[in-house]
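Let's work through some short exercises together. Keep the structure open beside you and try each task before reading its solution.

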Amino acid sequence: MTPADTGASTTVGAAASVSTPDVPGTPDVSDSRTAPGGPGYRRMSLALFLAGVATFALLYSTQALLPLISGDMGVTAGDASWTVAAATGGLAVSVLPMSALSERFGRRTVMTASLAVAVTVGLLVPFAPSLPALVALRAVQGAALAGLPASATAYLAEEVTPRALVTAIGLFVAGNSVGGMSGRVITGWVAQEWGWRVAVGVIGVVAVACAVAFRLLLPAPKHFTPGSLRPRVLARTVRDHLADPLLRRLYAIGALFMTVFGGVYTVIGYRLTEAPFSLPQGVIGSIFLVYLVGTVSASTAGRLVGRLGRRGALYLGGGTTAAGLLLSLAPSLPLVLLGLVLITAGFFAGHAVASSAVSRTAAHGRAQASALYQSAYYIGSSAGSTVGAMAFHSGGWAGTVGVGLLAVLGVVAITVAGSLAARRTGGGVPARA
């Protein structure tokens, strides 16, 4: 069955298809995918790193500002958290349709269009007259950003050699962490002086710069072949992925890791504004410098898998996250910060391992496989933001930590189930374990 019949992009094998930008070309029997040190690898890595920066900076631009939004609009923490949940929810429901568009029109084309729409909406967000209008704009922005995650990982799976794939995706995830960090730090200090509206406007301008640089740097795809937009074909591809037990486990792991992360970072600002910490907004924004730890852990995920195996890396990521959650319960700012460091390191390592495993596991329709992962991932983010805020309202920080620990327990249980399944089938091959 051809790629057009399955709705899948072709993988590169003995007879790869080389194309000009988004247009099929003539066959080439050589594997000309990019490897570290090869032509265009640095440009590709930097372009997707900047795309990751813009994506997370925009997606979570209001998260560090929730206490200010609550005060300005006279709403509760749960109500204000919808400015985050709407963006991640919009992304979650739109990522699969966007991935289908990327199969037809090309990864680079869809990523460029998505960033263009998202940054335009980002420049409108500061002028939202009410909470419902702000939530609506954030939902549109999240839907626009849906074209980035699945298309980026599919692009890398097609254009980068298999051995370099985990590292390359890790760099994209590292860009996410830098975007999340810089967005929150910048908004924290700007909002302290000029308010939350100016702060999100500054993030919009930064994202415009990243989007322009991304489009200028990203090399034209050489191994993309257009697929079909027929709904029946797309449904068959999605059904095939959901029938794969390993992919289902990876989707659940991504959702659960993001439930922890979304809950912790949505609520942490409220906790740090209260006694015994009572920190100002600028200092709270600077707390997100711990994202640098995520940059390191994501970019080294490939080496971690090489030493421990995928399941071992997931156990380590889950254990590190759980240790950080427990440590954050202490009424001591240094211990809370150390807890956030461990949560961030464990989350980004686990996310990089799971997302790269999805790209390696899918035999066809990689954009759809990645899209399903991203959909689960951002559903987890929306759930974490909302449930974490509700738990904080009813039980304080301990309530939020309890939600996080339950999610980590789910990651461990699913990973154990994968280990048992591999034993029942005689161990399987490493990519399917």
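**Exercise 1. Find the residues that Ser 114 touches outside its own stretch of sequence.**

Solution. Leave aside the neighbours within four places in sequence; Ser 114 is then in contact with Met 98, Ala 144, Gly 147 and Leu 148. Here, contact means heavy atoms within 4.5 Å.

Before going on, note that this is a predicted model, in which local features need pLDDT of at least 70 and side-chain atom pairs count only at pLDDT 80 or more, while totals for chains, interfaces and linings use all residues. Residues are numbered from 1 along each chain as its sequence is written, and side-chain values use heavy atoms, with hydrogens and water left out.

Next, place the residue: Ser 114 belongs to helix α6, residues 107-124. (Helices are DSSP runs of H or I with at least four residues, numbered from the N terminus.) Then look at its side chain, which reaches the backbone oxygen of Ala 144 at 3.2 Å.

**Exercise 2. Decide whether Ser 114, Leu 148 and Leu 420 are buried, partly exposed or exposed.**

Solution. Start with the cut-offs: buried means under 20% relative accessible area, exposed means over 50%, and partly exposed lies in between, using a 1.4 Å probe and protein chains only. Ser 114 has a relative accessible area of 3%, so Ser 114 is buried. Leu 148 has 0%, so Leu 148 is buried. Leu 420 has 40%, so Leu 420 is partly exposed.

**Exercise 3. Describe the surroundings of Leu 148.**

Solution. First, locate Leu 148 in the loop between α7 (131-145) and α8 (149-159). Second, list its contacts beyond four places in sequence: Ala 51, Thr 55, Met 111, Ser 114 and Leu 115. Third, compare sequence with space: Leu 148 and Ala 371 are 223 residues apart in sequence, yet their C-alpha atoms are 9.7 Å apart.

**Exercise 4. Find the salt bridge and say which parts it ties together.**

Solution. Begin with the idea: side chains of opposite charge can pair when their charged atoms come close. The rule asks for a side-chain nitrogen of Lys or Arg within 4 Å of a carboxyl oxygen of Asp or Glu. By this rule, the count is one salt bridge. Glu 158 pairs with Arg 107, and their closest N and O atoms are 2.4 Å apart. Glu 158 lies in helix α8 and Arg 107 in helix α6, so the pair ties together parts that are 51 residues apart in sequence. Both Glu 158 and Arg 107 are buried.

Definitions and conventions
Helices (H or I, at least four residues) and strands (E, at least two) are DSSP runs, numbered from the N terminus. A polar contact is a pair of N or O atoms within 3.5 Å; within protein, one must be able to donate a hydrogen and the other to accept it, and residues adjacent in sequence count only if both atoms are side-chain atoms.
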